[in-house]
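Visitor: I should like to learn how to read the domains, the sheet and the empty spaces of a protein model. Could you take me through one example?

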Amino acid sequence: MLKGRVALITGSTGGIGRVMAEKLAAQGAAVMLNGFGDAAAIETLRNRIADEYGVAVAYHGADMTKPDEIADLVASTERELGPVDILINNAGIQHTALCEDFPPEKWDAILAINLSAAFHTTRLTVAGMKRRGWGRVINTASVHGLIASVEKSAYTAAKHGIVGLTKVVALETATYGVTCNAICPGFVGTELIEPQIMARAAETGGSREDGIRALLAAKQPSLTMVEPEQIGDIVVFLCSPAASQITGIALPVDGGWTAQ
Ligand code: NAD
């Protein structure tokens, strides 16, 4: 379905982003990987996706807090793979603390990676999508783009911000064959929530599994983690012709969290 398309996925060396990259490659898209991690492991991932799906796969280690590196990421994608047709703004970090205890440098980093980076990648790619008459911008927001939780001031502010950015870009691209949507997952079992799991485990005096159960019981009515594969399949759906009239939405994928 996506043969000939080029997808840039930020934060795709691990977690949800890696699965998104694989799902898009499986549909025939060339993919640009981005993120941190062990160089050899990233090279193995790059080769495996290329071999398994027969598509071009590149990697760029841009730090998403740095606008000049983001510009280089986009330029490298265009040089190595071609113009960006599918932009997935997925890189994200978390830090939890009460507002009065929140380290200002953590606030700045969360706003930079989880929000401003998406502005930069979008500003650098969306004109080309409009010119070519086809494009997909998909932002990994969170349930925290729609509602709040204690100790997540920066994350909630950034994710609410990216839902707002999503709506504006959707309006500005609506007549150009370009859509822009946000996906709002509840808890997904990745590295990002590991500190929260372990904090719950410590609170309950139980195991890591007890920590997971407590975390889900507090927020996610399905009592089941969202799978990265499910988010990846939703990304593929949003790139499909069936979704060409879906734009500007913030789609909860949260086991009922935001229905409460
Ligand atoms: P993860 O920690 O497993 O992966 C994050 C990815 O981002 C990694 O590839 C990492 O190297 C990369 N990254 C981190 N800082 C970076 C930086 N400065 N520059 C470039 N890359 C950077 O996390 P995840 O759970 O896969 O998170 C992906 C997205 O999903 C994030 O935006 C996160 O907020 C969102 N999300 C996650 C959950 C969850 O429960 N895990 C829920 C809702 C939303």
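Guide: The discussion below takes the domains, the sheet, the pockets and the cavity in turn. Please keep in mind that this is a predicted model.

Visitor: Into which domains is the protein chain divided?

Guide: The assignment gives domain 1, which covers 6-186 + 227-252, and domain 2, which covers 189-225. Their C-alpha centres are 25 Å apart. To the contact between them, domain 1 contributes 12 residues and domain 2 contributes six residues.

Visitor: How should I read the sheet, and in what order do its strands form it?

Guide: One begins with the order of the strands and then turns to the edges. Here seven strands make an open sheet with parallel pairing, and the order is β3-β2-β1-β4-β5-β6-β7. At the edges stand β3 (57-60) and β7 (250-253), each of which pairs on one side only. From one strand to the next, the twist averages 20°.

Visitor: How many bridges join strand β1 to strand β4?

Guide: Three bridges join β1 (residues 6-9) to β4 (residues 86-89), and the two strands run parallel. Within this pair, I9 is opposite I88 of β4.

Visitor: Which strands does helix α4 lie across, and which does helix α8 lie across?

Guide: Helix α4 (residues 104-132) lies across β4, β5 (135-140) and β6 (178-185), and runs at about 170° to β4. Helix α8 (residues 228-238) lies across β4, β5, β6 and β7, and its angle to β6 is about 160°.

Visitor: Let us turn to empty space. How is it found?

Guide: A probe the size of a water molecule is rolled over the atoms, and this shows where space is left empty. In this model, the largest pocket holds about 750 Å³ of space. Its lining consists of 37 residues, and those nearest the centre are N90, A91, G92, I93 and L192.

Visitor: Which elements give two or more residues to that lining, and what classes of residue make it up?

Guide: The elements that do so are α1 (15-26) and α5 (153-173). Helix α1 gives the most, with three residues. By class, the lining of the largest pocket has 16 nonpolar, 17 polar and four charged residues. Both domain 1 and domain 2 supply at least three residues each to this lining.

Visitor: How is the second largest pocket lined?

Guide: The second largest pocket, with about 290 Å³ of space, has 14 lining residues, of which E151, K152, Q196, R200 and L215 are nearest its centre. At least two residues come from each of α6 (194-204) and α7 (208-219), and α6 gives the most, with five. The lining of the second largest pocket divides into six nonpolar, three polar and five charged residues. Here too the lining draws at least three residues from each of domain 1 and domain 2.

Visitor: A cavity is read as space from which the probe cannot get out. How many cavities of 30 Å³ or more does the structure hold?

Guide: There is one cavity of 30 Å³ or more. The largest cavity encloses about 50 Å³ of space. Its lining residues are T10, M64, N89, N90, A91, I113, N114, A117, A118, T140 and I162.

Visitor: Which helix gives the largest share of that lining, and how do its residues divide by class?

Guide: Helix α4 gives the largest share of the cavity lining, four residues. The cavity lining comprises six nonpolar and five polar residues, with no charged residue. Two residues named for the cavity, N90 and A91, were also listed among those nearest the centre of the largest pocket.

Notes. Residues numbered from 1 in each chain as written. Predicted model: local features only at pLDDT ≥ 70, side-chain atom pairs only at ≥ 80, totals over all residues. Heavy atoms only, no water. 1 Å grid on protein atoms, 1.4 Å probe; cavity = no way out; pocket = protein on both sides within 12 Å on 5 of 7 lines; lining within 4 Å. Points joined across faces, edges and corners; volume = space filled by probe spheres on them. Nonpolar A, V, L, I, M, F, W, Y, C, P; charged D, E, K, R; others polar. Domains from an automatic or database assignment. Pairing = 2+ DSSP bridges. Axes fitted to C-alpha atoms, helices over the stretch in contact; angles between N-to-C directions. Contact = heavy atoms within 4.5 Å.
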